[in-house]
Amino acid sequence: MTRRHLSATPSRRTVVKAAAATAVAGSVLAATGARAADGPAFLHGVASGDPLPDGILLWTRVTPSPDAGPGSGLGADTPIAWEIAEDRDFTRIAARGTAVARAASDHTVKADVRGLRPATAYWFRFSAGSTVLSPVGRTRTAPAAGAAVPGIRFGVVSCANWEAGWFSPYRHLAARADLDAVLHLGDYIYEYASGSYPTQDTVVRPHAPLHEIRTLADYRLRHATYKTDTDLQALHAAHPVIAIWDDHEFANDAWSGGAENHTPGTEGSWAARVAAAKHAYFEWMPVRASTEGTVYRRLSFGGLAELHLLDLRSFRSEQASIGNGAVDDPERSITGRAQLDWLKAGLTASDARWKLVGTSVMISPVAFGALPAHLLAPLAELLGLPGEGLAVNVDQWDGYTDDRKELISHLRDHAVSDTVFLTGDIHMAWANDVPVRAATYPLSASAATEFVVTSVTSDNLDDILRAAPGTVSVVAATAVRAANRHVKWIDMDSHGYGVLDVTAERSQMDYYVVSDKTSREATASWVRSYRTRSGTQRIERADAPVR
């Protein structure tokens, strides 16, 4: 991603589980400030991720001594114990084990726990020695394969820039007891030097390190800095997180051989930088590391939904220049051949009612040429487009039209229905049909639908323009929708998160916004909901969020 109302906290389950979620958040907040003077301490919280019907991945980082900061390479290897239980008091232990927090892995620890019961909530914690305990986390396994599932519900977030604001969307999601998991669609961290993005005069809190991150130590410290945020710690302690990366986990507008924000002559080789970024990512994120060093993978939630997660940075061709026809070059790819074949085969073979695709950049085609001239420059800055006459965002699937055409044709030719793309990246909320032929829509069929969530904090159009919400953005959104009739809604003003609720009948995205990203006490409110009914491949507005 280039530099570019009704209050509600619904609960689907029980009052007991709501109290449990509050207890998790409280335990994390209380533990954050605790630091042992000379012994081990858990300063970066706990996390879980990638739920399976019989397992979950647990994560933490121990600081063995005050000098053993993230990325320092210092500190003794430290034995760690972990345990997971069916109750918060840990009287009914389901599994336990040991590991070693080593300097070679930045003292991070993962435990890939198996043998658990499906669709079950568990509590987990770590310990170092007999007296030092981590905060307590709560997680949940996925439903059994093929099981009849009445519904699943995900929090959905992307684009959290530490310097641009406070992570209150994470706090509001952590307080909910009705989520099966939280899907993070990328830009979990940002690589920029302090004051580069956003500008120095709008920085809410400075990055660490202050310089642009390039080395393994840099990426480790940046990940660690984000995980000192109490709202992010609360989110990880309350729900399993399913994450993919986008470009800022590496560098802006990354592709397989470089990035817009990387200069080989002064910043070293791109291969070395990517290796460092991936190494730190798999250390610090509750994600299972694959042998390919990628994040594309598949998770199932009973017979109701299968989640296909994409890696759209590791294998893509360099972004094209607008106007030279390269966006249509069949030799260029955003996925790489192996990943696209994997996705097509998985969608065809899936027995799940809903095929959910986590994509870090938007797949729906969008033409921007109808925008008023005074809005070209700021929107170009946001989307990474030339301000003198933008047409398409070449960092999205619009820059790789042959891959998109092949995938959409596959959906149509193989009668793959109920495919929903879940997207982040562009710091705006959208609800789109994914047309077979955008030029003739709505006469053309829609092959899928797409829900795009806005950013947690990263700058949107109003932030760049320093304009009041609902002013210039209304003009821009109206022009975009007029030129792209498959786009049903855009919110260019807000920051927040989504909640995706899936049943056999429909998939619905409820969009929530926060009152002020620069306030640590920001409130959240529901703003819009859109859904797609099973068998329709069309977006429609819903009148209220799912309770």
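I'll start with Pro442, which sits in the loop between strand S16 (429-435) and strand S17 (446-452). What is the peptide bond from Tyr441 to Pro442, cis or trans? In this model, which is a predicted one, that bond is cis, and its omega is near 10 degrees.

There is another cis bond to look at. Ala208 and Pro209 are joined by a cis peptide bond with omega of about -5 degrees. Pro209 belongs to the loop between strand S10 (181-184) and H3.

That brings us to helix H3, residues 216-226, and its neighbour helix H6, residues 270-284. Two packed helices are described by the angle between their axes and the distance between the axes. For H3 and H6, the axes come within 8 Å and the crossing angle is roughly 35 degrees. The hand of this crossing is right-handed. Which residues of H3 meet H6? They are Leu216, Tyr219, Arg220, His223 and Ala224. On the H6 side, the residues met are Arg273, Ala276, Ala277, His279, Ala280, Tyr281, Glu283 and Trp284. Sorted by class, the contact of H3 with H6 has eight nonpolar, two polar and three charged residues.

Next is helix H7, residues 337-349. H7 has 13 residues and spans 18 Å from its first C-alpha to its last, close to the 18 Å expected at 1.5 Å a residue. Which residues of H7 are buried? Gln339, Leu340, Trp342, Leu343, Lys344, Gly346 and Leu347 are. The elements covering these buried residues include strand S12 (297-301), strand S13 (305-309), strand S14 (354-359) and helix H9 (401-413).

I'll stay with H9 for a moment. The axes of H7 and H9 come within 10 Å of each other and cross at roughly 15 degrees. Angles under 35 degrees count as roughly parallel, so H7 is roughly parallel to H9. H7 passes H9 in a right-handed crossing. From H7, the contact is made by Arg337, Leu340, Asp341, Leu343, Lys344, Leu347 and Thr348. From H9, Asp403, Glu406, Leu407, His410 and Leu411 take part. How many residues of each class are in the contact of H7 with H9? There are five nonpolar, two polar and five charged. Leu340, Leu343, Lys344 and Leu347 are buried residues of H7, and these four names also appear in the contact with H9.

Now for some single residues, beginning with backbone angles. Asp50 is in strand S1, residues 46-52. Phi of Asp50 is near 50 degrees, which is a positive value in a residue other than glycine. Is Asp50 buried or exposed? Asp50 has a relative accessible area of 1%, and the cut-off for buried is under 20%, so Asp50 is buried.

Asp253 also has a positive phi, about 55 degrees, although it is not a glycine. Asp253 is placed in the loop between strand S11 (241-243) and helix H5 (264-267). With a relative accessibility of 11%, Asp253 counts as buried.

The last residue is Gly151, found in the loop between strand S8 (137-140) and strand S9 (152-157). Gly151 has a relative accessible area of 16% and is therefore buried. Where does Ala504 come in? Along the chain, Gly151 and Ala504 are 353 residues apart, and their C-alpha atoms are separated by 7.4 Å.

Key: Residues are numbered from 1 along each chain as its sequence is written. This is a predicted model: local features need pLDDT of at least 70, side-chain atom pairs count only at pLDDT 80 or more; totals for chains, interfaces and linings use all residues. Side-chain values use heavy atoms; hydrogens and water are left out. Helices (H or I, at least four residues) and strands (E, at least two) are DSSP runs, numbered from the N terminus. The expected span of a helix is 1.5 Å times one less than its number of residues. Buried means under 20% relative accessible area, exposed over 50%, partly exposed in between (1.4 Å probe, protein chains only). Contact means heavy atoms within 4.5 Å. Axes are lines fitted to C-alpha atoms, for helices over the stretch in contact, and angles run from 0 to 180 degrees between N-to-C directions. Angles under 35 degrees count as roughly parallel, over 145 as roughly antiparallel, 65 to 115 as roughly perpendicular and the rest as oblique. A crossing is left-handed if the near helix is turned anticlockwise from the far one by less than a right angle, and right-handed if clockwise. Ala, Val, Leu, Ile, Met, Phe, Trp, Tyr, Cys and Pro count as nonpolar, Asp, Glu, Lys and Arg as charged, and the others, Gly among them, as polar.
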